[in-house]
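User: I am new to reading protein structures, and I would like to understand how the descriptive words are justified. Could you take me through some of them, setting each value against its cut-off?

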Amino acid sequence: MTQQTQDERAQDAPAPGDRPRDSGKVALVTGASRGIGYGVAEALVARGDRVCITARGEDALKEAVERLGSDRVIGVAGKAHDEAHQAIAVERTMEAFGRVDFLVNNAGTNPVFGPMAELDLNVARKVFETNVVSALGFAQLTWKFWQKENGGAIVNIASLAGISASPFIGAYGMSKAAMVNLTLQLAHEFAPVVRVNAIAPAVVKTRFAQALYEGREAEAAASYPLGRLGVPEDIGGAAAFLTSDQSDWITGQTLVVDGGIFLNAGVS
């Protein structure tokens, strides 16, 4: 699969009049001005959902809304770990669309690279606050405002780093392991009305993960049985499935989307 830029995909996207009929469903996708979050939002819009996307940068968020289509998408700028922002995002989604069927917790941070033995504990707290506690906050609010009485689905974007050792990004891996467990806890508590699942990607070609492959993409991709790194559309497709009727008997699961790299874990 060749990777297109978001601008190229926007040029290829169908005009508003050519889009699928409105599905009647609404999603909130965090951290979605670019990368995986944008890929998820794009997949949901393409099937007819209306979507609220969030991100820290207001300018980038506005551009993403325009690319996705302002007839079906709104944006709410703010920091994911800010409880006031969480409340505003859910409230604006309800005001604009009247419901919030799906929540995709994608917002995350990874500000440190190095051994756990030297990890600044304040940085560890920041990573956990942004990557895990914010996801819980959004889940509590979507549950309260819509899903408890009306049902829906939640997808947490975890990581392969959360289910395996992740040298030099241990704080990130630790937080994503917590996301996997948060998925289990919420799936148990919110059943039977809300399904909660997670996606654990390997390296996806985004700005967030650039340091893991920049300047050596062919070398990095060579270790993947499927011969390439991931692209945001790969995760978007998985999220679309996990928020569809086709996954109606799936909850509490973490779907690994990794190009087969985990197959190499036991190979010496």
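Analyst: Let us begin with a term for the surface: a patch is made of residues with over 30% relative accessible area and no salt bridge, and nonpolar side chains are joined within 5 Å. Please keep in mind that this is a predicted model.

User: Which residues make the nonpolar surface patch here?

Analyst: The patch is made by Ile163, Val256 and Phe262, and its area is about 210 Å². One of these residues, Ile163, is placed in the loop between β5 (152-157) and α6 (170-190).

User: Why is Ile163 called partly exposed?

Analyst: Its relative accessibility is 33%, and the term partly exposed covers values between under 20%, which is buried, and over 50%, which is exposed. Ile163 therefore counts as partly exposed at 33%.

User: What makes Pro232 count as buried?

Analyst: Buried means under 20% relative accessible area, and Pro232 has a relative accessibility of 4%, so the word buried applies. Pro232 lies in helix α8, which covers residues 232-242. The C-alpha atoms of Pro232 and Pro201 are 9.9 Å apart, although 31 residues separate the two along the chain.

User: How do you know that α2 is mostly covered?

Analyst: Of the 12 residues in α2, 10 are buried, and among them are Gly35, Ile36, Tyr38, Glu42 and Val45. Helix α2 (residues 35-46) reaches 17 Å from its first C-alpha to its last, which is close to the 16 Å expected at 1.5 Å a residue. After α2 comes Gly48, whose phi is positive, near 110°.

User: What makes the pair of Arg50 and Asp22 a salt bridge?

Analyst: The rule asks for a side-chain nitrogen of Lys or Arg within 4 Å of a carboxyl oxygen of Asp or Glu. The side chains of Arg50 and Asp22 meet at 3.3 Å, N to O, so the rule is satisfied. This pair links distant parts of the chain, with Arg50 in strand β2 and Asp22 in the loop between α1 (6-12) and β1 (26-29), 28 residues apart. Asp22 is partly exposed, because its relative accessibility is 36%. Apart from residues up to four places away in sequence, Arg50 touches several residues, including Asp22, Lys25, Arg72 and Phe97.

User: Why can such side chains pair at all?

Analyst: Side chains of opposite charge can pair when their charged atoms come close.

User: How many salt bridges does the rule give?

Analyst: The count comes to six salt bridges. One of them joins the side chains of Arg99 and Asp101 at 2.9 Å, N to O. Arg99 is partly exposed because its relative accessible area is 23%, whereas Asp101 counts as buried because its relative accessibility is 3%. Another salt bridge is formed by the side chains of Asp234 and Arg228, at 2.9 Å, N to O. Asp234 has a relative accessible area of 21%, so this residue is partly exposed, and Arg228, with 27%, is therefore partly exposed as well.

User: What share of the residues in the chain is buried?

Analyst: Buried residues make up 49% of the 268 residues. The chain holds eight helices and seven strands, and its accessible surface comes to about 13,200 Å², of which 53% belongs to carbon and sulfur atoms.

Definitions and conventions:
Residues are numbered from 1 along each chain as its sequence is written. This is a predicted model: local features need pLDDT of at least 70, side-chain atom pairs count only at pLDDT 80 or more; totals for chains, interfaces and linings use all residues. Side-chain values use heavy atoms; hydrogens and water are left out. Contact means heavy atoms within 4.5 Å. Patches are made of residues with over 30% relative accessible area and no salt bridge: like charges are joined within 9 Å, nonpolar side chains (Val, Leu, Ile, Met, Phe, Trp, Tyr) within 5 Å. Accessible areas come from the Shrake-Rupley method with a 1.4 Å probe; for residues, only the protein chains shown count as cover. Helices (H or I, at least four residues) and strands (E, at least two) are DSSP runs, numbered from the N terminus. Buried means under 20% relative accessible area, exposed over 50%, partly exposed in between (1.4 Å probe, protein chains only). The expected span of a helix is 1.5 Å times one less than its number of residues.
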